[in-house]
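Please open the model in your viewer and keep the sequence beside it, since the stops below are given by residue number. Each stop suggests a selection and then describes what is found there.

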Amino acid sequence: MSSIAIDLGGTTIKLGIVSNGIVVAQTKLQAATDRTIEENLQRSCIVIRELLEKKNLLQKELAGIGISFPGIVDASHNRVVSDYVKYKGANQFDFDKWVSDEWQLPVVVENDARAALTGEWQYGAGKGCDNIVMLTLGTGVGSAVLSEGKLFRGSHFIGGSLAGHISINLHGVACTCGYFGCVETEAST
Ligand SMILES: [Zn+2]
């Protein structure tokens, strides 16, 4: 079975088609973070449909869509729960409804660091390991923890988030989150 993968990054949106754990097609878009989450997802759709066409894949052959988001995510309800978000309106956005209207497929929304950890755990550097700490260095600095074979989420969905917005330099530059000298502003790409 094949699935659609959408990784909403702070700078780019990475899009892919994954078949049985292998990325068979991928591309990326510039993230328009001044636009709403819905506008960004609509732009992504156009590109995904082109990828599917190139791979001769029909919508009915797809198992679902995975969306990774750079923020706090309640994965059991597919909702973004951060107050501060890199995509406008993401914390009010109904991903289930959008995917159901647009694709008629199941969807999973997850924090980007946890999604990256899951990928490495199932198919990459963490294969066969039950305890993993993942650090993602991108536009932001993210982290996630797998403990005894279970993703650590915590009761407020921030379990395993170890770094990004901890201030490490009070005289540092202002971060987009409102603090100064966050790990992200001091050390991200
Ligand atoms: Zn910050």
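Keep in mind throughout that this is a predicted model. Begin by selecting residues 141-147, which form strand β9 and are joined to β10 by 2 bridges, the two strands running antiparallel. Within this pairing, serine 147 has lysine 150 of β10 as its bridge partner, while leucine 146 is matched with leucine 151 of β10. The turn between these strands deserves a look of its own, because the hairpin of β9 and β10 has 2 residues between the strands, and glutamate 148 takes a positive phi near 50 degrees there.

Next, add the other neighbour of β9 to the selection. β8 pairs with β9 over 6 bridges in the antiparallel sense, and these two strands form a hairpin with 3 residues between them. As a landmark, find methionine 134, which stands opposite alanine 144 in β9.

With the three strands displayed together, you are looking at an open sheet in the order β8-β9-β10, paired antiparallel. β8 (132-137) and β10 (150-151) each have a single partner strand and therefore stand at the edges, with one side of each left without a neighbour in the sheet. Is β9 enclosed or open to the surroundings? Because 6 of its 7 residues are buried, β9 is largely enclosed by the rest of the structure.

Now move to the zinc ion and select His165, Cys175, Cys177 and Cys182, which coordinate the zinc ion through ND1 of the histidine and SG of each cysteine, at 2.0 to 2.3 Å. Along the sequence, these donor residues follow the spacing H-x9-C-x1-C-x4-C. The 4 donor atoms subtend angles of 102 to 119 degrees around the zinc ion, so the arrangement is tetrahedral. For comparison, the ideal angle for four tetrahedral donors is 109.5 degrees. Colouring by accessibility is useful here, as cysteine 182 has 0% relative accessibility and so counts as buried, whereas cysteine 177, at 25%, counts as partly exposed.

For the last stop, keep Cys175 selected and add Gly10, Thr33, Tyr84, Val85, Lys86, Thr139, Thr176, Glu184, Thr185 and Ser188, which together with Cys175 line the second largest pocket. This pocket has a volume of about 160 Å³, and its lining residues divide into 3 nonpolar, 6 polar and 2 charged. Cys175 thus links the last two stops, being a donor to the zinc ion and also part of the pocket lining.

Terms used
Residues numbered from 1 in each chain as written. Predicted model: local features only at pLDDT ≥ 70, side-chain atom pairs only at ≥ 80, totals over all residues. Heavy atoms only, no water. Pairing = 2+ DSSP bridges. Helix = DSSP H or I, 4+ residues; strand = E, 2+ residues; numbered from the N terminus. Donors = N, O, S within 2.8 Å, 3.2 Å for Na, K, Ca; no water. Tetrahedral: all angles 85-135°; square planar, octahedral: opposite > 155°, others 65-115°. Buried < 20%, exposed > 50% of the residue type's maximum accessible area, 1.4 Å probe, protein only. 1 Å grid on protein atoms, 1.4 Å probe; cavity = no way out; pocket = protein on both sides within 12 Å on 5 of 7 lines; lining within 4 Å. Points joined across faces, edges and corners; volume = space filled by probe spheres on them. Nonpolar A, V, L, I, M, F, W, Y, C, P; charged D, E, K, R; others polar.
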